[in-house]
Amino acid sequence: MHRRDFLKYSAALGALSAFPLINRAAFAAARPVLPIPTLIEPDAEGRIRLAAQAGKTAFAGKPVTTWGYNGALLGPALRLQQGKNVTVDIHNALPEATTVHWHGLEIPGEVDGGPHGVIAPGAKRRVSFTPQQRAATCWFHPHEHGKTGAQVAKGLAGLVMIEDNELRALMLPQKWGVDDVPLIIQDKRFGADGEIDYRLDVMSAAVGWFGDTLLCNGARYPQHTAPRGWLRLRLLNGCNARSLTLAASDNRPLYVIGSDGGLLGEPVKLTELPMLMGERFEVLVQISDNKPFDIIALPVTQIGMNVAPFDKPQPVVRIQPVNVFSTGTLPDALAAMPVVPATDGVFERRLELTMDPMLDMLGMQALEKKYGKQATAGMDHGAMGHGQRPMPAMDHSQMHHGAQGASGMHHGAMGHGSLAAGDGKTAFDIMNANKINGKAFDMNTPAFNVARGRYERWVISGEGDMMLHPFHIHGTQFRILSENGKPPAPHRSGWKDTVSVDGARSEVLVRFDHTASPQQAYMAHCHLLEHEDTGMMLGFTVS
């Protein structure tokens with residue numbers, strides 16, 4: 001950046017520093033102000049302190065028990081620098097064990113925070129690592145096996161942003177909470193008592209846990225006032241199980257500049273942006289016209305998730321421009337994007353994702369009982385076993401009994417991980433009902449070893465299965481070779497840690513530059529959290 005441009009940009013940022021004093025009160029009466037996560041950087045000794053804790057958050061005027069990091073709900077945004085070591089001191093002040101997984105970070109297995117990195121209630125854990133990857137927006141969340149879905153649903157999630165010289169050379173919007181704005185989008189469901197109503201039962205084990213209320217940074221349809229010019233949105237689909245397609249309510253373009261693993265080679269212009277669970281995208285939106293608009297979630301078509309109110313567009317956040325100007329720009333070129341290496345002779349590894357036919361059938365029955373047949377629209381009801389093996393014979397009364405057991409089951413009833421299925425006598429273990437290569441997750445036995453620094457082609461198959469599986473791999477950022485049998489879309493052709501597997505095969509080119517031992521293995525799993533918690537995950541080592 002030239003000195004003249006630097007001075008001009010610095011002056012503009014100085015003017016914007018007073019902007020929150022202008023905007024926050026001016027429009028507060030209209031709707032809730034968008035909460036902005038606190039931005040934390042390592043102190044002089046390179047340390048950050050995180051505490052996982054319980055608290056109270058107001059929803060619909062009622063105090064609700066929630067969990068968060070360094071607060072009652074969600075967590076701070078951590079800003080790290082490429083090549084600079086950071087030490088994170090984690091205190092678990094929750095009443096149960098948890099872990100902190102650094103989703104998207106390329107770091108050794110011993111600090112990755114998967115299900116082996118358990119922190120007991122009241123205990124502490126210190127992890128140190130040096131991010132070497134390119135600039136990216138990642139996140140951190142719990143990964144306690146069997147309880148990841150519940151702990152995320154209660155509120156545990158935060159952002160991690162890595163910066164590098166390539167990013168700093170661009171004049172992107174960068175005033176945190178003003179023209180550089182995080183949007184953590186989640187759905188929640190609340191019970192009659194007002195508390196978060198999380199249940200892990202046959203329905204959620206089959207289709208995932210989902211809510212009827214859409215939140216953005218923990219608030220329902222908040223408003224953000226922003227300076228005119230380019231607005232940068234860091235988007236995270238933090239839902240347990242719901243995919244989202246985001247758009248502007250007035251159809252203005254979204255310019256995608258980055259995906260899971262960092263900046264793209266050049267901006268990609270879209271009007272609709274699909275997002276899998278766990279995915280991040282950075283977009284720029286032009287708001288110089290001074291016209292207010294909403295970021296909305298378009299009607300959901302995902303099986304099991306297309307029920308009211310998500311069968312219609314849902315507002316995420318209101319963007320209200322004001323008459324202050326930002327000088328952030330949208331560059332024509334963003335970052336050097338290496339060509340995908342040739343895959344001739346590369347070792348190929350196959351992963352087949354499957355669901356137990358009994359879980360599938362009971363889950364669909366419970367879903368239809370609660371939400372009606374529109375919830376399973378598009379499914380072949382004659383193939384609820386997903387083509388894996390013949391379904392067991394069940395008469396109408398048995399099917400009804402199974403559905404009743406599903407819809408009436410509370411999370412606490414799952415302590416033994418089994419459910420009376422069909423005849424009411426057969427024990428059906430939902431905690432091991434979802435599988436990869438025919439096996440449910442085994443904490444003690446890694447599935448395979450990968451040679452450090454060696455490319456592998458992973459073929460991930462959901463063939464014969466009608467459920468969406470957002471597949472996430474720890475410890476790497478990969479390139480998608482094909483997604484559900486098609487070339488990746490331009491905005492999905494950069495660095496990724498999650499790929500869509502939706503009734504077909506997807507292929508990714510992976511390489512791991514750090515080690516992972518059997519005691520602290522990396523994970524590969526479906527990021528529909530209830531699938532992960534009920535077995536659709538495997539551990540692997542790198543050496």
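## Strand 15 and its sheet

In this predicted model, 6 strands make up an open sheet, arranged in the order 11-10-13-18-15-16, and their pairing is mixed. Two strands lie at the edges, strand 11 (213-216) and strand 16 (262-270), and each of them pairs on one side only. On average, neighbouring strands of the sheet are turned by 25 degrees against each other, with direction ignored.

The rest of this report follows strand 15, which stands between strand 18 and strand 16 in the order of the sheet. Strand 15 covers residues 254-259 and strand 18 covers residues 280-286. The two strands pair in the antiparallel sense over 3 bridges. On the other pairing, strand 15 and strand 16 are also antiparallel, with 5 bridges. A hairpin through 2 residues joins strand 15 to strand 16.

Individual residues show how these pairings are laid out. The table lists partners by residue.

| Residue | Partner | Strand of the partner |
|---|---|---|
| tyrosine 255 | leucine 284 | strand 18 |
| valine 256 | valine 283 | strand 18 |
| serine 259 | glycine 262 | strand 16 |

For tyrosine 255 and leucine 284, the relation is that of bridge partners, and the link between serine 259 and glycine 262 is described in this way too. Valine 256 stands opposite valine 283.

Is strand 15 buried or exposed? A residue counts as buried if its relative accessible area is under 20%. In strand 15, 6 of the 6 residues are buried, so the strand is largely enclosed by the rest of the structure.

Notes
Residues numbered from 1 in each chain as written. Predicted model: local features only at pLDDT ≥ 70, side-chain atom pairs only at ≥ 80, totals over all residues. Heavy atoms only, no water. Pairing = 2+ DSSP bridges. Helix = DSSP H or I, 4+ residues; strand = E, 2+ residues; numbered from the N terminus. Axes fitted to C-alpha atoms, helices over the stretch in contact; angles between N-to-C directions. Buried < 20%, exposed > 50% of the residue type's maximum accessible area, 1.4 Å probe, protein only.
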